[in-house]
Amino acid sequence: MARYYFDLHNREGPTRDEHGTELKSREDIPKELTRILLDVARDELPAGNHMTIAVTVRNESGDPVTVASLVFSNEWLDVVR
């Protein structure tokens, strides 16, 4: 088992993961990334017309290994009068 740290970047700025999560293998990272991004999106969207949520994953040494992001964009097509 290896410990990975999932640092969140959203409207509130960066939040560094100080505890980490133990995963069986590197292949489990995408599943954890998806869970985190969807949880944050559920809590924060829609908070405007445009938003990016990103998570950077660090290994036990503190080196970044991957980054994932979710982009929300809403564009009104009608004109409100």
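Threonine 52 is located in strand β4 of this predicted model. With a relative accessible area of 44%, threonine 52 is partly exposed, because partly exposed residues fall between the limits of 20% and 50%. When residues up to four places away in sequence are not counted, threonine 52 touches His9, Asn10, Ser69, Leu70 and Val71. Valine 80 is 28 residues from threonine 52 along the chain, and the C-alpha atoms of the two are separated by 26 Å.

Strand β4 comprises residues 50–58. Of its 9 residues, 7 are buried, so β4 is largely enclosed by the rest of the structure. Strand β4 is joined to β1 by 5 bridges, and the two strands run antiparallel. Within this pairing, histidine 9 stands opposite alanine 54 of β4. Strand β4 also pairs with strand β5 (residues 64–73), again in the antiparallel sense, over 9 bridges. Here alanine 54 stands opposite serine 69 in β5. Alanine 54 of β4 thus has histidine 9 opposite it in one pairing and serine 69 in the other. Strands β4 and β5 form a hairpin with 5 residues between them. In the turn of this hairpin, glycine 62 has a positive phi of about 90°. Most residues other than glycine have a negative phi.

Strand β1 is made up of residues 2–10. Besides its bridges to β4, strand β1 has 3 bridges to strand β2 (residues 13–15), and these strands run antiparallel. Asparagine 10 has glycine 13 as its bridge partner in β2. Strands β1 and β2 form a hairpin, with 2 residues between them. A further 3 bridges join β1 to β3, and this pair is antiparallel as well. In that pairing, alanine 2 stands opposite leucine 23 of β3.

The chain as a whole contains 1 helix and 5 strands. Read from the N terminus, the order of its elements is β-β-β-α-β-β. The helix, α1, covers residues 29–44. Proline 46 lies in the loop between α1 and β4. The peptide bond from leucine 45 to proline 46 is cis, with omega near -15°. Most peptide bonds are trans.

A search of the whole structure gives 6 salt bridges. Side chains of opposite charge can pair when their charged atoms come close. One of these salt bridges is formed by the side chains of glutamate 22 and arginine 3, at 3.2 Å from N to O. Because glutamate 22 belongs to strand β3 (residues 21–23) and arginine 3 to strand β1, this pair ties together parts that are 19 residues apart in sequence. Glutamate 22 counts as partly exposed, at 43% relative accessibility. Arginine 3, at 25% relative accessibility, likewise counts as partly exposed. Strands β1 and β3 are therefore linked by this side-chain pair in addition to the 3 bridges that join them.

Glutamate 18 and arginine 16 form another salt bridge, in which the closest N and O atoms are 3.8 Å apart. Both glutamate 18 and arginine 16 are exposed.

In helix α1, the side chains of arginine 35 and glutamate 32 meet in a salt bridge with an N to O distance of 2.6 Å. Arginine 35 and glutamate 32 are separated by about one helical turn, because they are 3 residues apart in the helix. The two partners fall into separate accessibility classes: arginine 35 counts as partly exposed, at 41% relative accessibility, whereas glutamate 32 counts as buried, at 14%. Both residues belong to a network of salt bridges that links Glu32, Arg35, Asp39 and Arg42.

The overall dimensions of the chain were also computed. The C-alpha trace spans about 60 × 20 × 20 Å along its principal axes. The radius of gyration of the chain is 15 Å, whereas a compact globule of 81 residues would have a value near 12 Å. Buried residues account for 32% of the 81 residues. The chain exposes about 5900 Å², of which carbon and sulfur atoms supply 51%. Among contacts between residues at least 6 apart in sequence, 47% join residues at least 24 apart.

Terms used:
Residues numbered from 1 in each chain as written. Predicted model: local features only at pLDDT ≥ 70, side-chain atom pairs only at ≥ 80, totals over all residues. Heavy atoms only, no water. Salt bridge = Lys/Arg side-chain N within 4 Å of Asp/Glu carboxyl O. Helix = DSSP H or I, 4+ residues; strand = E, 2+ residues; numbered from the N terminus. Buried < 20%, exposed > 50% of the residue type's maximum accessible area, 1.4 Å probe, protein only. Pairing = 2+ DSSP bridges. Contact = heavy atoms within 4.5 Å. Rg over C-alpha atoms; globule rule 2.2 N^0.38 Å. Areas by Shrake-Rupley, 256 points an atom, 1.4 Å probe, with all protein chains shown as cover.
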